[in-house]
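Colleague: I am new to this structure and would be grateful for a guided discussion. May we begin with the terms and then proceed through the model?

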Amino acid sequence: MSWAGPEDIFLSTSLASYLDKKLLVLLRDGRKLLGILRSFDQFANAVLEGACERVIVGDLYCDIPLGLYVIRGENVVLIGELDLEREELPPHMICVSAAEIRRAQKAERDATDLKGSMRKRMEFLDLD
Amino acid sequence: MLFFSYFKELVGKEVTVELKNDLAMRGILHSVDQYLNIKLENTRVVDQDKYPHMSSVRNCFIRGSVVRYVQLPPDGVDIDILHDATRREARGG
């Protein structure tokens, strides 16, 4: 094995190869942003042009346009290069309007909350 | 610096990176940096059906701060050299 020399300290996995490409950015809160990378820095702060948020609930999805976005690097999980030769989403998924996806999101949230509250009510039974 | 150097030796090998949000990606290690940010090529998500939005992502950059595990090929690890290097670091190298 060879170990790092003094010049290697400045090596970085650069986002430069992703500049001006359409990317998928996953954020820590679970959001998925798509857009063209225009700028970045050593903290993985990024500027996305023509950004949109792709909201997915089950088989439904909707792209909500956001415009020019500056993303703080600490929120970034992953930056993925979209292969233009492939479909961005599986073919069975259905594109719906923003209002409908918001309704679907709320329904999913309510179902999760209900499941959580039911579990809490059952906890006293000490079944497991 | 030890792990940075160690990962540099693994460039070109196939690894599976498991993230803190439970997403796991398998791919060829393309590059790594001092923050242990990772660039993967030829990426496949381990549980494709759960992450439909990732279906066309083949190359990605993963921020070092969100990595939980990096799963390595068993033959990619020379344990003795790793032990020696760790002892050297611990001694104050």
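Modeller: A residue is called buried under 20% relative accessible area, exposed over 50%, and partly exposed in between. Please bear in mind that this is a predicted model.

Colleague: Is Leu36(B) buried, exposed or partly exposed?

Modeller: Leu36(B) lies in the loop between strand 2 and strand 3 (38–45) of chain B. Its relative accessible area is 28%. Values between 20% and 50% belong to the intermediate class, so Leu36(B) is partly exposed.

Colleague: What is phi of Leu36(B) near?

Modeller: Most residues other than glycine have a negative phi. Leu36(B) has a positive value, and its phi is near 60°.

Colleague: Which residue takes a positive phi in the hairpin of strand 1 of chain B and strand 2 of chain B?

Modeller: This hairpin has 4 residues between the strands. The residue in question is found in the loop between strand 1 and strand 2 of chain B, and it is partly exposed, with a relative accessible area of 48%. Its phi is near 75°, although it is a residue other than glycine. The residue is Asp22(B).

Colleague: How many bridges join strand 1 of chain B to strand 2 of chain B?

Modeller: Strand 1 (residues 14–19) of chain B and strand 2 (residues 24–32) of chain B run antiparallel. Within this pairing, Val17(B) stands opposite Met25(B). The number of bridges that join the two strands is 5.

Colleague: Which residue of strand 5 of chain B is the bridge partner of Leu19(B)?

Modeller: Strand 1 of chain B is also joined to strand 5 of chain B, by 4 bridges, and these two strands run antiparallel. Glu18(B) stands opposite Tyr69(B) in strand 5 of chain B. For Leu19(B), the bridge partner is Val67(B).

Colleague: Why is strand 1 of chain B largely enclosed by the rest of the structure, and how many of its residues are buried?

Modeller: A residue counts as buried under 20% relative accessible area. Strand 1 of chain B is largely enclosed because the buried residues number 5 of the 6.

Colleague: Which are the edge strands of the open sheet?

Modeller: The open sheet has 11 strands with mixed pairing, in the order 6(A)-4(A)-3(A)-2(A)-1(A)-5(A)-4(B)-3(B)-2(B)-1(B)-5(B). An edge strand pairs on one side only. The edge strands are strand 6 (94–95) of chain A and strand 5 (67–71) of chain B.

Colleague: What covers the buried residues of helix 1 of chain B?

Modeller: In helix 1 (residues 2–9) of chain B, the buried residues are Leu2(B), Phe4(B), Ser5(B), Tyr6(B) and Phe7(B). The elements that cover them include strand 2, strand 5 and helix 2 (79–90) of chain B.

Colleague: Which strand supplies the largest share of the lining of the largest pocket?

Modeller: The largest pocket has a volume of about 540 Å³. Of its 20 lining residues, the closest to the centre are Gly30(A), Lys32(A), Ile56(A), Val57(A) and Glu108(A). Strand 3 (46–57) and helix 1 (98–122) of chain A each supply at least two lining residues. The largest share, 5 residues, comes from strand 3 of chain A.

Colleague: How many residues of the lining of the largest pocket are charged?

Modeller: The lining includes 5 nonpolar and 6 polar residues. The number of charged residues is 9.

Terms used:
Residues numbered from 1 in each chain as written. Chains lettered and ligands numbered in written order. Predicted model: local features only at pLDDT ≥ 70, side-chain atom pairs only at ≥ 80, totals over all residues. Heavy atoms only, no water. 1 Å grid on protein atoms, 1.4 Å probe; cavity = no way out; pocket = protein on both sides within 12 Å on 5 of 7 lines; lining within 4 Å. Points joined across faces, edges and corners; volume = space filled by probe spheres on them. Nonpolar A, V, L, I, M, F, W, Y, C, P; charged D, E, K, R; others polar. Pairing = 2+ DSSP bridges. Buried < 20%, exposed > 50% of the residue type's maximum accessible area, 1.4 Å probe, protein only. Contact = heavy atoms within 4.5 Å.
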